[in-house]
Amino acid sequence: MLPDTPRLPPATPLLIQAQSDGQAVLTWLAEHADKPATLASYRKEAERLLLWLNGRQQNLARLKREDVLDYQRFLASPYPAEQWIGPPRPRSHPQWKPFSKGLTPQSIAHSLTVLGAMFAYLNDAGYLNGNPFKLLRRRSRRQAGAEVERFLDAACWLHLQATLEQLPRGNAKEIRHAERARWLITLLYLTGARRSEVAGAKAGDFVRRHGNWWWNVVGKGDVSARIPLSDELMAAYGRYRRSLGLAADIAAGDETPLVCRIGEKNRHESMSDKAIYLICKEVFSRARQHAPSDEIRSQLTLASTHWLRHTAASHQLEAGIPLLLVSQNLRHASIQTTRRYLHSEEDARHQANQLHRLKRKD
C-alpha cells in the first residue's frame, strides 16, 4: 500500500475520483500499467516521495520549492540511514528499505523528472494546483564529451567476454546463472538496448521480416521502434533458450521472457530492471578482480548496464557503420547525440594538431 494523505479542497474541477494522495498517485500509475518496467520505476519514485512526506506530516498539495530542494538533498544521502537504507530485498520483505544507498546525481535528476511528470498529471486532473518541480533552475550545457567516456574500450570488452566464459559451471544452478549472464550482456551489447526495454520483453517480440530478424521494442518516451538483430545475436539467443530446455526456434506469440528468472517455478517470469542491473554489476565485479591493467580495472569499477549501450554505439561506429544507421539503431532523437561516440573524429583532430605542430617545427 502507498502512504496515504487526505487531499485539500480542490481549486479546479476534479477529473479523477481520488480523495487522497495515495489514490491520486495510483490513478497516475494506472496510466502506465501497460509498461511494466516504467510502472515499477515510477511507483518506486512516487512511493519514496510519499514516505518522505509522511515523515514530515505533509502532503502533495503543500509541497513547496524549498521542500523539493530538501528532498533532492535527501535522495543523495537518505537519513536517518537505519530507517531508509538497507540491502536490496523484495517489496514484500518485512525488512525492505526504500534505498540500498544514496542516489547518484543522474538518478536524482531522473527521480525529479518523474515526480515533475506526476505533478503535471495531477495538476491537469485538477487534484493539485501548482508544480514546484517545474521551477528547477536551468542547467548549463554539459561539458563537451562528459558522456563519451562511459564506455568499455576494445581491450576491456575482450576481458569482459573472457570473464563470461570463465564463470563457474560446477553444477546445474551455476550453469543456468552463467548462461543467463552471458546472454544478457550479449543482448545489451549487440542491440544497444536499455535495461528497462529488456526487462519487459518477450521472445515473441523477436519477429522475422523478409528473412531478417527484428526486435519490436517500446523504448524511451513510449516510442515504438524495431532493432535489427544480427546472426550472432540470434545464435546467442538460441544457445540461451537451449540452456532453459526450450527449442532454439521462436514460435509466433511466444510469451517466454527474453531474460528469465532462475528456478523451475518462476523461470517464465520476467526479470526486473534492477535485477538486470545487479547481474551486470556482479559480472563487472568479477572481471575487475582479474583485470590485466589499471585502466581496465578503472572502467569496470565505474561500469553499469548503460555503459553497454554506450559501448555498442562506440564499437559500431569504430567498425565503420554509418553514423545515421547507428543513430537509428540506438533510437537517438538527434544524430548529434550519436556523434558524441564517434571517437575517430576526435582522434583525427588530435592527429591533425600534431601534424600542424611538426610542420611549424620544420
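**Group meeting talk: helices, salt bridges and hairpins**

Okay, let's start with helix α3: its buried residues are R65, D67, V68, Y71, F74 and L75. They cover an arc of only 165 degrees around the axis, and that puts them on the same side of α3. Over on the other side of α3, you'll find E66 and R73 exposed. Before I go on, please keep in mind that this is a predicted model.

So what does that buried set touch? The buried residues of α3 pack against α2, α4 and α5. As for its geometry, α3 has 12 residues and reaches 17 Å from first C-alpha to last, close to the 16 Å expected at 1.5 Å a residue.

Next up is α2, residues 36-55. This helix has 20 residues, and its end-to-end C-alpha reach is 28 Å, close to the expected 28 Å at 1.5 Å a residue. Its buried residues are A37, S41, E45, A46, E47, R48, L49, L50, W52 and L53. Which helices do they pack against? That would be α1 (21-30), α3 (65-76), α4 (81-84), α5 (105-124) and α8 (195-199). Right after α2, you run into Q57 with a positive phi, near 50 degrees.

Now, if you were scanning that buried list, you may have spotted some charged names. R48 and E45 form a salt bridge, with the closest N and O atoms 3.9 Å apart. Both of them sit in helix α2, 3 residues apart, so about one turn of the helix. And yes, R48 is buried, and E45 is too.

How many salt bridges does a search of the whole structure find? The count is 13. Side chains of opposite charge can pair when their charged atoms come close.

Let me zoom in on R56. The side chains of R56 and D67 meet in a salt bridge, at 2.9 Å from N to O. R56 lies in the loop between α2 and α3 while D67 is in helix α3, so this pair ties together parts that are 11 residues apart in sequence. Is R56 buried or partly exposed? At 33% relative accessibility, R56 counts as partly exposed. D67, on the other hand, is buried, with a relative accessible area of 10%.

R56 has another partner as well: D70 forms a salt bridge with R56, and here the closest N and O atoms are 3.7 Å apart. That links distant parts of the chain, with D70 in helix α3 and R56 in the loop between α2 and α3, 14 residues apart. D70 is partly exposed, with a relative accessible area of 24%. Put it together and you get a network of salt bridges linking R56, D67, D70 and R73. That R73 is the one I mentioned earlier as exposed on the other side of α3.

Okay, last part: the strands. Strand β1, residues 206-209, pairs with strand β2, residues 212-218, in the antiparallel sense over 4 bridges. Within that pairing, V207 stands opposite W214 in β2. The hairpin of β1 and β2 has 2 residues between the strands, and H210 takes a positive phi there, near 55 degrees.

On its way out, β2 pairs again: β2 and strand β3, residues 224-229, run antiparallel over 6 bridges. Here W215 stands opposite I227 in β3. This hairpin has 5 residues between the strands, and G221 is the one with a positive phi, near 75 degrees.

Which side chains of β2 are buried? W213, W215 and V217 point to one face and are buried, whereas N212, W214, N216 and V218 point to the other face and are not. In a regular strand the side chains alternate between the two faces of the sheet. So if you have β2 up on your screen, W215, the residue opposite I227, belongs to the buried face, and W214, the residue opposite V207, points to the other one.

That's my tour.

How values were computed
Residues are numbered from 1 along each chain as its sequence is written. This is a predicted model: local features need pLDDT of at least 70, side-chain atom pairs count only at pLDDT 80 or more; totals for chains, interfaces and linings use all residues. Side-chain values use heavy atoms; hydrogens and water are left out. Two strands pair if DSSP finds at least two bridges between them. The expected span of a helix is 1.5 Å times one less than its number of residues. Buried means under 20% relative accessible area, exposed over 50%, partly exposed in between (1.4 Å probe, protein chains only). Contact means heavy atoms within 4.5 Å. The arc is that of the directions from the helix axis to the C-beta atoms. A salt bridge is a side-chain nitrogen of Lys or Arg within 4 Å of a carboxyl oxygen of Asp or Glu.
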